[in-house]
Structures are given as structure tokens and as C-alpha cells.
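User: Please take a close look at one strand pairing in the structure below and at what surrounds it. I would like one connected account, with each term given its cut-offs as it comes up.

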Amino acid sequence: TLALFLVIFGASTALAQTKAYVANFSNNNVSVIDTATNTVVATVTVGTGPVGVAATPNGAFVYVSNVVSDDLSVINTSTNTVVTTVPVGNFPSPLAITPNGAFVYVINTSATTVSVIATATNTVVATVPVGSPQGIAIAPNGNFAYVATNFDGISVIDTATNTVVATIPGLI
């Protein structure tokens, strides 16, 4: 089993245990690990080729990017079940969630775009063209998404308008 990405977060209830969600690319599932005992407590089947994992700030949901099926699986962490699947662009991989948990930004590597998903409805609300994206991070205040590209540097997306407002030159 190939585990590519990992996210750890504290559950929202005081007595709940901390969990880690690990994408298993070759098995098309996510292992849920109890970090207090280092044991797998659940295995959740997701889309094909899971690689990216990100949790909402409140820990209620985990989003998993599936590079072969070109979608995101949304896992409810209280039940460890997939509650919906969101179609996105080609070869989605790294993803990031805004600090308020309202939006998921996922890069679509082969489509050279970023899909913006509203977590309230789990629908794509915008698709932003960027260079050849490889990684993404959201500013701590949530105002900007920074997308590292192979050749163009870093595309800066204004999260209020979901448009590229600047490009920071790369150091090639």
C-alpha cells in the first residue's frame, strides 16, 4: 500500500481521540488511524487514486483528491463514511481549505486550473486558470491562495473574487 499524504487533527469533542487520515493510492481507500494507539480504526473506500487529504478546521469533514477518477471524496469524520463525491478537473492532487472552512481549493495538475469547492454545498463554484500547478497554500487570514507552478512562479488567487491578481516570478 502506498500512503502519499497525511493530515492530523484533533476531533471536536473534548473526549474524542485524535485521528490521522492517510490516503492509500493503490488500494483506493483512506486509513483512519487512532494516534493515541497507532492503530487503524477504520478504512474508508474513496475514488480511484487518492493522493491529497485535507480536513476542515472543525474536523467534521476530510476532503480527499482522487487523481484517476478526477474527483474529491468527502468523508464525514463522525461516521468515517463518504457522504458525497465532487467532480473536479483533470488529475486533482494537492488541496487546501480556507481557515474558516468555507472553501476547498484543489489544483488540477493536468488541467492547469484550480477548482474552488463551497463546503456548504460541496459544489464547484469557480475554476481558476493558472500555469502548471504543483502545490497550494492558503494565507492564514484566508484572503489569498498561493499556487506554485512549474514555470510561471506563484499564482496569487484572491479568494473573494477567485481570480489571479498577481504572479510572483519563480527562481528558475
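Analyst: Two strands pair if DSSP finds at least two bridges between them, and the strands themselves are DSSP runs of E with at least two residues, numbered from the N terminus. The model is a predicted one, in which local features need pLDDT of at least 70 and side-chain atom pairs count only at pLDDT 80 or more, while totals for chains, interfaces and linings use all residues. Residues are numbered from 1 along each chain as its sequence is written, and side-chain values use heavy atoms, with hydrogens and water left out.

The pairing to look at is that of β9 and β10, which run antiparallel and share 4 bridges. Within it, Ala96 of β9 faces Tyr105 of β10. The two strands form a hairpin with 5 residues between them, and in this turn Gly101 has a positive phi of about 75°. Strand β9, residues 92–97, is mostly covered, since 6 of its 6 residues are buried (under 20% relative accessible area, with over 50% called exposed and the range in between partly exposed, for a 1.4 Å probe and protein chains only).

From Tyr105 the view opens onto the largest nonpolar core, which has 13 residues, and Tyr105 is listed with Val114, Ile136, Val147 and Ile157 as having the most contacts inside it. Such a core is a set of buried Ala, Val, Leu, Ile, Met, Phe, Trp, Tyr and Cys residues joined through side-chain atoms within 4.5 Å. Strands β10 (103–108), β11 (113–118), β12 (123–129), β13 (133–138) and β14 (144–149) each supply at least two of the residues in this core. Val114 shows how these strands meet: beyond its neighbours within four places in sequence, its contacts (heavy atoms within 4.5 Å) include Tyr105, Ile107, Ala126, Val128, Ile136, Val147 and Ile157. A second core, separate from this one, holds 12 residues, among them Ala23, Val46, Ala55 and Val62. In soluble globular proteins, nonpolar side chains tend to be buried together.

The end of β9 can also be related to a strand further along. The C-alpha atom of Ile97 lies 8.5 Å from that of Ala137, although the two residues are 40 apart along the chain. Ala137 belongs to strand β13 and, with a relative accessible area of 38%, is partly exposed. Residues up to four places away aside, Ala137 touches Phe144, Ala145 and Tyr146. The search of the whole structure finds 1 aromatic pair. This is formed by Phe144 and Tyr146, whose ring centres are 6.4 Å apart and whose planes meet at 50°, so the pair counts as tilted; rings of Phe, Tyr and Trp (its six-membered ring) pair with centres within 6.5 Å, and planes under 30 degrees apart are stacked, over 60 edge-to-face and the rest tilted. Both are partly exposed, Phe144 at 29% relative accessible area and Tyr146 at 31%.

For comparison, strand β7 offers another buried example. In β7, residues 71–76, 6 of the 6 residues are buried, so the strand is largely enclosed by the rest of the structure. That cover reaches both faces, with Asp71, Ser73 and Ile75 buried on one side and Leu72, Val74 and Asn76 on the other. Antiparallel pairing joins β7 to β6 through 6 bridges and to β8 through 6 bridges. Leu72 has a partner in each neighbour: Ser65 in β6 and Val86 in β8. Each hairpin has 4 residues between its strands, with a positive phi at Asp70 near 55° in the turn before β7 and at Asn80 of about 50° in the turn after it.

Across the chain, the secondary structure comes to 0 helices and 16 strands, and 50% of the 172 residues count as buried. The mean pLDDT (the predictor's confidence in each residue, from 0 to 100) is 89, and 89% of the residues reach 70 or more. Residues 1–16, however, stay under 50 in pLDDT. Where pLDDT is low, the predicted coordinates should not be read in detail.
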